[in-house]
Amino acid sequence: MEGCDKMEFEEEIDLRDVFNILKKQWRMVALITLIAVVISAILSFLILNPAYEATSTILVGRNQNNYSTDLNADVTLSKQLVNTYGEIMKTNAILDPVIHNLDLDLTTDELSEKITVTPVGETELIEVTVQDRYPMKAADISNEICKVFSDKIQDIMKVDNVSIIEEAIPPIDPVKPNKMLNIAIGTVLGLMIGIFVVFLKEYLDNTIKTPEDVQKYLELPVLGSIPMQE
């Protein structure tokens, strides 16, 4: 029991020391946290370029020239074509005409990185999402991809089963950077760094400053002290 009481007492002393260190160095923790918040705010509002996403939707339907009487079979086949069409949409055969038509200062690889082609669940729909610094440009590229694809797919796969059902419109709000999230992350990181710096400084500081330090670390009685003169 005495051992347990002693351990609990020592733990209590340690926690008290931790609190005292933070209380003594709170200004440094606050300053480092403030610096981190300011840096994250500058990055989010002034340095990082905003990115906008525009999405258009196409429907992969049945081949109008050659389809069976089994509707379920045709729907299943259309779903299987969705993934194939998604890959074709990011090939040079589609992207080169898009770059030419919109007079884009991009290579096909650079344009491909801006595009995300996503099947909508288990449906026959495909969403074509384009991310760009400018909202109007993002919408124009997404719509042009769908237009070029719906024309070119007839020559590539000899089918006519793609319809544009929803054109992209210029977005109002950017998808990134998430300014509030960045500032929150900066606050947490600044707080963690501040606490780490304070404890590192305290750990490396082996000087004795108070009579209590003499009794604690040297285990010597204090006979007197000289007050500091201002």
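This tour moves through a predicted model, one selection at a time.

**The whole chain**

Begin with the entire chain in cartoon view. The secondary structure comprises eight helices and four strands, and their order along the sequence is α-α-β-α-α-α-β-β-α-β-α-α. The chain has 230 residues, of which 28% are classed as buried. Switching to a surface view displays about 16,000 Å² of exposed area, with carbon and sulfur atoms contributing 58% of it. Among contacts with a separation of 6 or more, 74% are between residues 24 or more positions apart.

**The strands**

Select residues 52–60, strand β1, together with residues 125–132, strand β3. These two strands run antiparallel and are joined by eight bridges. Next, add residues 162–166, which form β4. Strand β4 is also antiparallel to β1, and four bridges connect the two. Which residues face Thr57 across these pairings? In β3 the bridge partner of Thr57 is Glu127, and in β4 the partner is Glu166. Thr57 is thus a useful residue to label when tracing how β1 is bridged to both β3 and β4.

Continue with residues 115–119, strand β2. This strand runs antiparallel to β3, and the two are joined by five bridges. Label Pro119 and look across to Ile126 in β3, which stands opposite. The hairpin of β2 and β3 has five residues between the strands. Within this hairpin, select Gly121, whose phi is positive, near 55°.

**The salt bridge**

Show the side chains of Lys114 and Asp132. Side chains of opposite charge can pair when their charged atoms come close. Here the closest N and O atoms of Lys114 and Asp132 are 2.9 Å apart, and the two residues form a salt bridge. Because Lys114 belongs to helix α5 and Asp132 to strand β3, the pair ties together parts that are 18 residues apart in sequence. Is Asp132 buried or exposed? Asp132 is buried, because its relative accessible area is 4%, under the 20% limit. A search of the whole structure finds one salt bridge.

**Helix α4 and the residue that follows**

Select residues 92–102, helix α4. The buried residues here include Ile94, Leu95, Pro97, Val98 and Ile99. Step past the end of the helix to Asp103, which follows α4 and lies in the loop between α4 and α5 (108–114). Most residues other than glycine have a negative phi, and most peptide bonds are trans. Asp103 has a positive phi, near 55°, although the residue is not glycine. Asp103 is exposed because its relative accessible area is 68%, over the 50% limit.

**A buried glutamate**

Keep α4 displayed and add residues 135–157, helix α6, which contains Glu144. What does Glu144 contact, its neighbours within four places in sequence left aside? The contacts are Val98, Asn101 and Leu102. Val98 is one of the buried residues of α4 already selected. Glu144 is itself buried yet has no salt bridge. The nearest side chain of opposite charge belongs to Lys147, 4.9 Å away; this pair is not a salt bridge because the limit is 4 Å.

**Helix α2 and the nonpolar patch**

Turn to residues 26–47, helix α2. Colour Leu31, Leu34, Ile35, Val38, Ile39, Ile42, Leu43, Phe45, Leu46, Ile47, Leu48 and Met180, which make a nonpolar surface patch of about 1,200 Å². The largest share of this patch, ten residues, comes from α2. Ile47, one of the patch residues, is located in α2.

**Helix α7 and the loop before it**

Select Lys176 and Pro177, which are joined by a cis peptide bond with omega of about 0°. Pro177 sits in the loop between β4 and α7. Then select residues 179–204, helix α7, and label Ile193 within it. Ile193 counts as partly exposed because its relative accessibility is 45%. To finish, draw a distance from the C-alpha of Ile193 to that of Val29: the two residues are 164 apart in sequence, and their C-alpha atoms are 8.0 Å apart in space.

Terms used: Residues numbered from 1 in each chain as written. Predicted model: local features only at pLDDT ≥ 70, side-chain atom pairs only at ≥ 80, totals over all residues. Heavy atoms only, no water. Buried < 20%, exposed > 50% of the residue type's maximum accessible area, 1.4 Å probe, protein only. Lys, Arg positive; Asp, Glu negative; His and termini not counted. Contact = heavy atoms within 4.5 Å. Pairing = 2+ DSSP bridges. Areas by Shrake-Rupley, 256 points an atom, 1.4 Å probe, with all protein chains shown as cover. Patch = residues over 30% accessible without salt bridge, like charges linked within 9 Å, V, L, I, M, F, W, Y side chains within 5 Å.
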